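Dear colleague,

I am passing on the structure below, together with some notes on what came out of looking through it. Please read the notes with the coordinates open beside you.

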Amino acid sequence: MSSWDINPVLTIEHLTMRFGGLVAVDDLSFNVGRGDITALIGPNGAGKTTVFNCLTGFYKPTEGRIVMNRLNGEHFLLERMPDFQISAHAKVARTFQNIRLFGGMTLLENLMVAQHNPLMVASGYTIGGIFGLTSFRKAEREAVERACYWLEKTGLVDRADAPAADLPYGDQRRLEIARAMCSGPELLCLDEPAAGLNPKESAELNALLQYIRKEHQTSILLIEHDMSVVMEISDHVVVLDYGEKISDGTAAAVKDDPKVIAAYLGVPDEEVDAVEEEVGI
Amino acid sequence: MSSKSENFFTDCVKDAAMGGLIALALFSVLIGMKAEVASGLGGGLGIEYRWAAVAIAVAVVFGGRLLLNLFVWKTKTPVTEKAGSLMPSMSSLAPLGKYAMPVFLVLAVLLPFLLMSAYGARGSRQYLDLAILVTTYVMLGWGLNIVVGLAGLLDLGYVAFYAVGAYSYALLAQYFGFSFWICLPLAGILAAFWGIILGFPVLRLRGDYLAIVTLAFGEIIRVVLLNWYEFTGGPDGISGIPRPSFFGIEFTRGEGGFADVFGLDYSSIHRIIFLYYLILIMALITNFVTMRLRKLPVGRAWEALREDEIACRSLGINTTNTKLTAFALGAMFGGFAGSFFATRQGFISPESFTFIESAVILAIVVLGGLGSQIGVVIAAIVMIGGFEFFRGLEEYRMLVFGLLMVIIMVWKPRGLISTRAPSITLSGKKGKGISADLVQEGHG
Ligand SMILES: Nc1ncnc2c1ncn2[C@@H]1O[C@H](COP(=O)(O)OP(=O)(O)OP(=O)(O)O)[C@@H](O)[C@H]1O
Ligand SMILES: [Mg+2]
């Protein structure tokens, strides 16, 4: 029994997602270990983003069960929850493959929006905030501090008052991670965080992810195409192909799995020959 | 070189001549002949020829086309581009924005006294009435700005809430004899209530669909008011709506009236001035609340919603509730303005709440620059004030006015004030404005 099966933060059981006739995810089951960095990999169109959309409530899965086990012992059935509650109560945060920042707002504002729910309570659902309650001011100061902390960790603090849309691509990716972390997640889902980064930025990203996992009791589930990132930082790799799980194990084990090699490099020539012989071409 | 420029000139002339020829063919029939009942022929139909008019028309076409060819269409350096650069640029206007707020505020507060000293009590009445009208639209613009400018929800039926506010006051006063000061909050609450009623089913729609449904809602309210004769008086409207009192003191002549209590000579202008200050205060409260909310989590959530709704949901923001609060709040301020409208007019009918009102309010918000508070003020002055200002031009008024709007939109496609001020900054300073090119307009 692998370590991720003993104390999983997220359990996905028999997840199936159909779009009309297309089966994007087919009977997928795996665990995400607490405190692990888990990588979900697979060729283009394998259904990785669809899995993310299911577990963050943007799609309602056709079948299956997704259980989030929080540190405080609470369990949430994510497939039954509306998307905003998954972030608010189940503490699952995510980033998007095509970055979704609030472009016309500053970096700081972006991170303040991420702390909407606690601030909303502190502002007495706005009523207290209008009259400038001191408890709200204190909560707001703390929120700014938390935002600054993450801006520092992502190296963006000197641009805090600049609009997010003005950032270079790599910085936008990091800001999206900072924003997700500001919502205080226990599971962070990253959709291709290293896409479009240069090798230096990619190395910085690795360090950031390691830091988050170590210091913040946040488990990470990431989709990644860049094998160097996957091999270097992940404890556990799940490989999807055409919506089905074809391999599941440590990075080293998955790397040598012939099924994975076939999926990535195409089917070996001998197999094609064998099939052709069978049908008689 | 010279042959080239000659070529260019003959080209232009040829093209203009072609245009003139077509004009001749058209105008010789359209303008050149006029059927007339000629009195000399004993009432029979005759044709009058007007070749001089045709010649003028053709000359205008030829000359106009030649000039356009020479300076705009065929030349490499069109004058229109230069004309564009003659307009003041964004950066030169930026300091204006900083002082505009206090200057406007002081002017607004002193306005009645300035007018009184300039035109006297009798002469200033007309200007005060205009000022009240403009301020009402400023308030409506600020109310709608919450919905359209901040939350990015395109609402084409805002006038419905204005109507709800006006009719709430009129009906409450008529059936229960409530005074203005009791009805004002009630009207706001009722309008907000209707905002929520409408919002629930509608706010799951986006963009164009939201616009169409809100437009329909505005019409439904008006049609109901028009047809529910027993209750609302239908097209006859409601008259005799009580005037507001100055905290219980009526603006009447004689014993116990406003002038008597304060030891002034009675003048009807007192009530006008009071109404002006009333709407000014109501508008300023709207502004204050909006500015305040922008710095609170709800306000930031509205703006985030306008930027990217999906990202909002991924951060745990209940987008339905957030949209509803924007809608209800905008509606509430519309309702306040509506009950002010009712008390000022003393008479309301459904005719005051047609779609054109919604369009004017929306135009003020868009022209001012989505989300900009001071922009709304300037746009309201330009639109409502300008409309009255051009009254002397009679039938050309609409034309001039339309031209003005086209020019503004060409010059500043994102509205007069097209920067967004951050709601919070780390440096503690006001922070640089964010160019509107980066700010999303929202998709419903
Ligand atoms: N909303 C949708 N409606 C219909 N089909 C969809 C929808 N979303 C995804 N699909 C389909 O599901 C399949 C898996 O898509 P998905 O985006 O999950 O792939 P992916 O593994 O993330 O690929 P990539 O590496 O290119 O991001 C694709 O064939 C896609 O066309
Ligand atoms: Mg994807």
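In this predicted model, a polar side-chain atom of A:His225 is placed 2.9 Å from an oxygen atom of ligand 1, while A:Tyr59 brings a polar side-chain atom to 3.0 Å from a nitrogen atom of the ligand. The backbone takes part as well, since a polar backbone atom of A:Gly45 lies 2.9 Å from an oxygen atom of ligand 1. Taken alone, ligand 1 exposes 630 Å², and the protein buries 65% of that area.

The shell around ligand 1 holds 14 residues, of which A:Asn44, A:Lys48, A:Thr49, A:Thr50 and A:Gln97 come nearest. By residue class, the shell divides into seven polar, five nonpolar and two charged residues. Strand E2 (22-33) and helix H2 (48-55) of chain A each contribute at least two residues to the shell, and the largest share, three residues, comes from H2(A).

In chain B, I also looked at helix H14, residues 355-368. Its 14 residues should span 20 Å at 1.5 Å a residue, a figure that follows because the expected span counts one less than the number of residues, and the end C-alpha atoms of H14(B) are indeed 20 Å apart, in agreement with that expectation. The buried residues of H14(B) are B:Glu357, B:Ser358, B:Val360, B:Ile361, B:Leu362, B:Ile364, B:Val365, B:Leu367 and B:Gly368. Just after the helix, B:Gly369 adopts a positive phi of about 105°.

With best wishes

Methods. Residues are numbered from 1 along each chain as its sequence is written. Chains are lettered from A and ligands numbered from 1 in the order in which they are written. This is a predicted model: local features need pLDDT of at least 70, side-chain atom pairs count only at pLDDT 80 or more; totals for chains, interfaces and linings use all residues. Side-chain values use heavy atoms; hydrogens and water are left out. A residue is near a molecule or strand if one of its heavy atoms lies within 4 Å of it. A polar contact is a pair of N or O atoms within 3.5 Å; within protein, one must be able to donate a hydrogen and the other to accept it, and residues adjacent in sequence count only if both atoms are side-chain atoms. Accessible areas come from the Shrake-Rupley method with a 1.4 Å probe; for residues, only the protein chains shown count as cover. Helices (H or I, at least four residues) and strands (E, at least two) are DSSP runs, numbered from the N terminus. Ala, Val, Leu, Ile, Met, Phe, Trp, Tyr, Cys and Pro count as nonpolar, Asp, Glu, Lys and Arg as charged, and the others, Gly among them, as polar. Buried means under 20% relative accessible area, exposed over 50%, partly exposed in between (1.4 Å probe, protein chains only).
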